[in-house]
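Colleague: I would like to learn how to read a model of a protein with a ligand, one feature at a time. Could we go through the structure together?

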Amino acid sequence: MSLIQLFKSNGPSGFGYGSTAEQVTEGLSLEGQNILVTGCNSGLGFEAMRVLAMRGARVLGTARDIDKAKAACAQVTGATLPFACELSDPESVRGCVDEVKRSGIRLDAIIANAGIMALPKLERAYGYELQFFTNHIGHFILVTGLLDQLTDAGRVVMLSSEAHRNAPKEGIQFDNLTGKKGYSAWGNYGQSKIANLLFAKELSRRFAGTKKTANAVHPGVIATNLGRHMNVAARAVFGLVGPLFLKSIPQGAATEVYVAVHPGAASISGEYFANCNVAKARADGLDPELAKKLWDVSEKIVRELPNS
Ligand SMILES: NC(=O)c1ccc[n+]([C@@H]2O[C@H](COP(=O)([O-])OP(=O)(O)OC[C@H]3O[C@@H](n4cnc5c(N)ncnc54)[C@H](OP(=O)(O)O)[C@@H]3O)[C@@H](O)[C@H]2O)c1
């Protein structure tokens, strides 16, 4: 058990730091619900898929390729459907959108969970810095492409991070989305995670007057494959302190699962959650003007991609 858990009490939702995905769904039947989870083959995405399927939902699990998605789905008890969705490849993302649409399945929730963190060197896709492109633009194409598939009370959950606080002081460096004017592993990860937060904010504005919701979450700090780009020493420290100071994977998956399916979150939208409760984000992370600007710029980026 994490030592931090001993000092944290539950919040108004009745859940908190130590709650697991199984605990936040205890007693809920998700029979008849369809929930799409990106990055279903690893870490928090796999645990979210496992628990949602265990509670009766049919989970549309996406991974970079169909073999990974199939292998992950095969390890889970319950109804799952595998899809390929390589977020840094717009053609793959659009293929996933088309396939979900062709299936005719209406989605009760989309959990935009997949992500990469702290790439040591500047990498790009289509000329854009890779963390921004994968974590934000890939999910932007996916979620906006699937909006018509959402049920009337459909929920969109974006995986952000407390690391959004490391974003540049202007939030998003619109004049440096290529990374050409400067790159930092954590600064650019932070920028991609504040982008996830701003996307949820603008989407919630667009959902106003409906029962649909869009929120962002910080899952906690959990030792998963996300640390694969950190250097060996950092990973070793992470591995050592993990059991004592970090959340477990079942605890890490709790907040995204809570926001996606718990009745207590049904009418909350445009917020940032941590430890299964509404939390305080960096002020500009929920700034409606910045959120609108990012949406407009993202639409333009997507429109100008090849084969769009
Ligand atoms: N773990 C933490 O402490 C922590 C803290 C704050 C926020 N988060 C957020 O939580 C989310 C889940 O992370 P995790 O800890 O579960 O990490 P993880 O175990 O590394 O899982 C990340 C998932 O994203 C997938 N992915 C990465 N790049 C992709 C791409 N280009 N296209 C499609 N899928 C891609 C990975 O697929 P492959 O396995 O094929 O690479 C994997 O399935 C991330 O968005 C992360 O930013 C995590």
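Modeller: We will go through the ligand and its surroundings, then a helix, some loops and a few contacts along the chain. Please keep in mind that this is a predicted model.

Colleague: Let me begin with the ligand, then. How many residues surround the ligand, and which are the closest?

Modeller: A residue is taken as near when one of its heavy atoms lies within 4 Å of the molecule. In this structure 30 residues surround the ligand, and the closest are Asn41, Lys68, Glu86, Tyr189 and Thr224. By residue type, that shell divides into 11 nonpolar, 14 polar and 5 charged residues.

Colleague: Which protein atoms lie 2.8 Å from a nitrogen or an oxygen atom of the ligand?

Modeller: For a polar contact one looks for a pair of N or O atoms within 3.5 Å. Here a backbone N or O atom of Leu87 lies 2.8 Å from a nitrogen atom of the ligand, while a polar backbone atom of Asn113 is 2.8 Å from an oxygen atom of the ligand. The side chain of Lys68 also takes part, with one of its N or O atoms 2.4 Å from an oxygen atom of the ligand. As for cover, the ligand taken alone exposes 890 Å², and the protein buries 96% of that.

Colleague: Where does the ligand sit, and which elements give two or more residues to the shell around it?

Modeller: The space taken by the ligand is the largest pocket. The elements that give two or more residues to the shell are helix H3, residues 43-54, and helix H7, residues 185-206.

Colleague: Now a helix. How many residues of helix H10 are buried?

Modeller: An α-helix has 3.6 residues a turn, so residues three or four places apart point the same way. Helix H10, which covers residues 254-261, is mostly covered, with 8 of its 8 residues buried. Those buried residues are Ala254, Thr255, Glu256, Val257, Tyr258, Val259, Ala260 and Val261.

Colleague: I have also heard that the sign of phi is worth checking. What is phi of Asn275, and what is phi of Cys276?

Modeller: Most residues other than glycine have a negative phi. Asn275 has a positive phi, near 50 degrees, and Cys276 also has a positive phi, near 65 degrees. Asn275 is found in the loop between strand E9 (272-274) and strand E10 (277-279), and Cys276 is placed in the loop between E9 and E10 as well.

Colleague: Are Asn275 and Cys276 buried or partly exposed?

Modeller: The cut-off matters for this step, since a residue is called buried under 20% relative accessible area and exposed over 50%, with partly exposed in between. Asn275 counts as partly exposed because its relative accessibility is 21%, whereas Cys276, with a relative accessible area of 1%, is buried.

Colleague: How does one read residues that are separated along the chain, and how many residues apart are Pro12 and Cys276?

Modeller: One sets the separation along the chain beside the distance between C-alpha atoms. Pro12 and Cys276 are 264 residues apart along the chain, and their C-alpha atoms are separated by 9.2 Å. Pro12 lies in the loop between helix H1 (3-6) and helix H2 (21-24), and it counts as exposed because its relative accessibility is 84%. Another pair is Lys101 and Leu146, which are 45 residues apart along the chain with their C-alpha atoms separated by 7.5 Å. Lys101 belongs to helix H5, residues 90-103, and is partly exposed, with a relative accessible area of 38%.

Colleague: Finally, what polar contact does the side chain of Asn135 make, and is Asn135 buried or exposed?

Modeller: For a side chain of this kind, one asks both where the residue sits and which polar atoms it meets. Asn135 is found in helix H6, residues 130-146, and counts as buried because its relative accessible area is 1%. The side chain of Asn135 makes a polar contact with the side chain of Ser192 at 3.0 Å, and a polar atom of the Asn135 side chain also lies 3.0 Å from the backbone oxygen of Ile116.

How values were computed: Residues numbered from 1 in each chain as written. Predicted model: local features only at pLDDT ≥ 70, side-chain atom pairs only at ≥ 80, totals over all residues. Heavy atoms only, no water. Polar contact = N/O pair within 3.5 Å; in protein donor to acceptor, adjacent residues only side chain to side chain. Areas by Shrake-Rupley, 256 points an atom, 1.4 Å probe, with all protein chains shown as cover. 1 Å grid on protein atoms, 1.4 Å probe; cavity = no way out; pocket = protein on both sides within 12 Å on 5 of 7 lines; lining within 4 Å. Sits in = over half its atoms within 2 Å of the grid points. Helix = DSSP H or I, 4+ residues; strand = E, 2+ residues; numbered from the N terminus. Nonpolar A, V, L, I, M, F, W, Y, C, P; charged D, E, K, R; others polar. Buried < 20%, exposed > 50% of the residue type's maximum accessible area, 1.4 Å probe, protein only.
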